[in-house]
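Me: Please take a close look at one part of this model, the place where the two chains meet. Then go on from there into the second chain.

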Amino acid sequence: MVAAMADSDSGGVSRRGFLIQSGTGSAASLLGAASLPAVRSSAQAAPAPAAAPITEIGPGPVPVQLQVNGKTVAARIEPRDTLAHVLREQLGLSGTKIGCDRGACGACTVWVDGIPTPACMTLALDVAGTAGKGGRAARPVTTIEGLSTAQGTLHPVQDAFVAHDALQCGFCTPGMVMSCAALYERKRSQGQLAALSEGEVREAIAGNLCRCGTYPHVVRAMLSTAKGTGNGKNGGSR
Amino acid sequence: MNAFTWVEVTTAEQAVAQLSAARGGSALLKAGGIDVLDRLKEGLDAPERLIVLRRPTAGSKSTLSEISEIPASRLPDSITRLLPAGNAGDAPQPRDCLRIGALVTLAQIASHPTILRALPALAQAAHAIATPQIRAVATIAGNLLQRPRCWYFRSADFHCRKKGGDECFALDGENEYHAIFDNRTCAAVHPSGAAVALLVLDAIVEIQTASGTRQQRLSAFFVSASQQGGDVKRENRLEPGEVITHLYIPLPSPDERSLYLKSKQKQSFDWPLCEVAISVRRAPSGAGSLLQAARIVVGGVAPIPWRAKAAEAALLRLSKLDIESVRAIAQAASDGARPLAKNGYKVPLCQGVVAQAVMQILSNA
């Protein structure tokens with residue numbers, strides 16, 4: 001898992017990589033766990049002929065697949081595990097933060113099917129793929145680690161955050177960036193990026209609390225990168 | 001959070017069967033899961049089985065996750081008979097309705113073209129709920145059925161009346177966000193903003209039962225402890241094992257308008273201090289009054305979405321829009337209020353949001 005997921009600054013062991021590998025999650029062993037079809041299905045209680053069979057999982061841990069940052073990864077989860085917990089503790093993706101753990105602060109924001117979603121209020125089974133009869137495909141999850149390219153090229157929104165000092169303590173930043181980048185991608189796909197308004201940015205980050213109060217810099221970063229003036233590489237308007 | 005078995009279903013019939021099959025054990029229904037996870041994490045609920053009602057996977061369709069327009073000609077009689085009559089004494093006529101499935105998210109409602117155009121109060125209410133992240137996940141039925149947000153109820157440390165105890169800790173406690181109406185048994189306010197809008201739009205709720213479906217006006221669905229059939233441990237008339245499947249909302253005629261306003265402490269997102277939805281139907285020109293129908297429902301002030309009947313009556317008498325008339329309507333909106341020690345501000349706030357809603361809707365009508 002760590003090999004597959006951790007930051008790919010090749011060569012020596014990074015401090016972060018070391019902490020992840022020496023953690024108690026022992027996620028790596030999960031890769032070896034072949035698919036154990038622990039999913040029980042029964043169609044008997046289904047009255048409508050078209051209805052999918054009823055699927056029972058747990059309460060103990062079951063092997064599932066997650067689709068995270070474009071890769072299919074194996075995990076072993078209990079029905080009660082939240083997506084935020086599994087990302088951090090099993091997959092080593094600790095960029096996703098847990099702040100309030102009640103969906104109120106936005107620090108855990110990831111994309112599910114491309115939409116900003118509170119990972120702390122999402123059970124991992126809601127997005128996991130399950131094997132066996134009645135199994136289903138995993139839903140794509142994107143975390144802050146998946147936003148930059150494998151070569152380390154930052155997303156334009158990340159560049160703009162750097163250029164405009166759009167973070168102080170940084171705890172809200174991964175969630176804030178995920179909300180902003182989703183807006184950026186939506187506007188870009190509509191060909192409307194240059195028309196991005198301050199109101200749209202404020203709306204997009206309404207669910208991301210920043211205790212340091214860096215909101216004005218976040219808005220400035222977004223507006224300038226949308227207009228192609230603030231990604232840091234071309235000088236930005238600091 | 002306790003360990004539980006995940007039981008995944010894709011139809012309301014399956015959900016009802018699973019809920020009632022949990023003999024002896026406990027089962028809890030989850031859709032979007034926002035309120036359910038909150039309760040599980042706080043230990044307020046500890047089910048053995050979590051019944052997860054999901055959208056069917058891609059390829060198969062379900063009305064549970066759809067918004068669709070149902071023409072009057074195809075409206076079931078069971079819905080038609082619950083529509084508001086055009087004039088008192090008339091039999092209800094079939095009308096074009098919007099049907100919203102229980103699993104439709106608040107984000108879908110807030111951005112749906114027909115809802116934005118024809119049912120603005122609902123679009124505005126859905127948009128004002130929680131955060132973009134939560135609206136992407138939370139369902140309309142879950143919003144209606146979420147448990148109250150009273151901090152005593154939400155804390156496992158307080159065995160309040162809603163949890164079978166014999167005390168409402170808010171009555172003599174920290175009650176600044178609590179009810180000013182109907183608050184003597186339990187002072188928690190009803191948490192659903194969508195309900196406030198749906199009530200002024202005469203919504204009808206359809207419910208899957210063990211033996212079939214039943215339909216009910218949403219106005220009769222919510223019930224407080226002091227009302228007939230009320231039970232302090234519940235906020236509505238959904239029986240154990242039943243599941244909401246759809247909402248039906250009559251599409252308005254061209255002379256009808258609606259809007260929703262929310263007053264909150266924090267502007268980015270927050271629970272309402274007070275919220276209001278209003279719908280009006282213009283009177284034909286030459287009539288003595290401006291309006292022939294009006295509904296005002298206030299949220300954040302009572303254990304149920306609160307119909308401001310005295311304000312509605314004052315609004316119906318209105319013959320021209322002036323500040324004195326608006327003030328009288330606003331005063332009527334707080335008729336019967338009995339604030340607690342720390343929520344007296346909600347009385348003028350309630351009057352203020354109602355006055356603002358009346359002025360806005362009449363200047364646009």
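Reply: What follows goes through the interface first and then through parts of chain B. The model is predicted.

The contact between the chains involves 40 residues of chain A and 36 residues of chain B. About 3100 Å² is buried between chain A and chain B, and carbon and sulfur atoms give 57% of that area. On the chain A side, the residues that lose the most area to chain B are A:Arg80, A:Arg102 and A:Met121, which together account for 20% of what that side buries.

A:Arg102 also takes part in a salt bridge: its side chain meets that of B:Asp38, with 3.7 Å from N to O. The rule finds 7 salt bridges across the interface of chain A and chain B. It also finds 15 residue pairs in polar contact across this interface, counting pairs in which both residues are at pLDDT 80 or more. Strand 2 (54-57), strand 6 (115-118) and helix 7 (198-204) of chain A are the elements that give two or more residues to the side touching chain B. Sorted by class, that side of chain A has 21 nonpolar, 11 polar and 8 charged residues.

Strand 2 of chain A also pairs across the interface. Its partner is strand 1 (residues 5-9) of chain B, and the two pair in the antiparallel sense over 3 bridges. Within strand 1 of chain B, B:Val7 stands opposite A:Glu56.

Turning to chain B as a whole, this chain has 12 helices and 12 strands. Of its 365 residues, 54% are buried. Taking contacts in chain B between residues at least 6 apart in sequence, 66% join residues at least 24 apart.

Helix 6 (residues 120-128) of chain B is largely enclosed by the rest of the structure, because 7 of its 9 residues are buried. The buried residues in helix 6 of chain B are B:Pro120, B:Ala121, B:Leu122, B:Ala123, B:Ala125, B:Ala126 and B:Ala128. After helix 6 of chain B comes B:Ala130, which has a positive phi, near 50°.

Strand 6 (residues 204-209) of chain B has 6 of its 6 residues buried, so this strand too is largely enclosed by the rest of the structure. B:Ile204, B:Glu206 and B:Gln208 point one way from strand 6 of chain B, while B:Val205, B:Ile207 and B:Thr209 point the other way, and all are buried. Strand 6 of chain B has pairing partners in strand 7 (residues 212-217) of chain B, over 6 antiparallel bridges, and in strand 8 (residues 243-250) of chain B, over 5 bridges, again antiparallel. With 2 residues between them, strand 6 and strand 7 of chain B form a hairpin. B:Ile207 has a bridge partner in each of these strands: B:Arg214 in strand 7 of chain B and B:Ile244 in strand 8 of chain B.

A last site is B:Cys274, in strand 10 (residues 272-282) of chain B. B:Cys274 counts as buried because its relative accessibility is 0%. Apart from neighbours within four places in sequence, B:Cys274 is in contact with B:Lys262, B:Ser263, B:Val298, B:Gly299, B:Val301, B:Leu349, B:Cys350 and B:Val353. The C-alpha atom of B:Cys274 is separated by 9.3 Å from that of B:Tyr177, 97 residues apart along the chain.

Notes: Residues are numbered from 1 along each chain as its sequence is written. Chains are lettered from A and ligands numbered from 1 in the order in which they are written. This is a predicted model: local features need pLDDT of at least 70, side-chain atom pairs count only at pLDDT 80 or more; totals for chains, interfaces and linings use all residues. Side-chain values use heavy atoms; hydrogens and water are left out. Contact means heavy atoms within 4.5 Å. Buried area is the accessible area (1.4 Å probe) that two parts lose on being put together, summed over both. A salt bridge is a side-chain nitrogen of Lys or Arg within 4 Å of a carboxyl oxygen of Asp or Glu. A polar contact is a pair of N or O atoms within 3.5 Å; within protein, one must be able to donate a hydrogen and the other to accept it, and residues adjacent in sequence count only if both atoms are side-chain atoms. Helices (H or I, at least four residues) and strands (E, at least two) are DSSP runs, numbered from the N terminus. Ala, Val, Leu, Ile, Met, Phe, Trp, Tyr, Cys and Pro count as nonpolar, Asp, Glu, Lys and Arg as charged, and the others, Gly among them, as polar. Two strands pair if DSSP finds at least two bridges between them. Buried means under 20% relative accessible area, exposed over 50%, partly exposed in between (1.4 Å probe, protein chains only).
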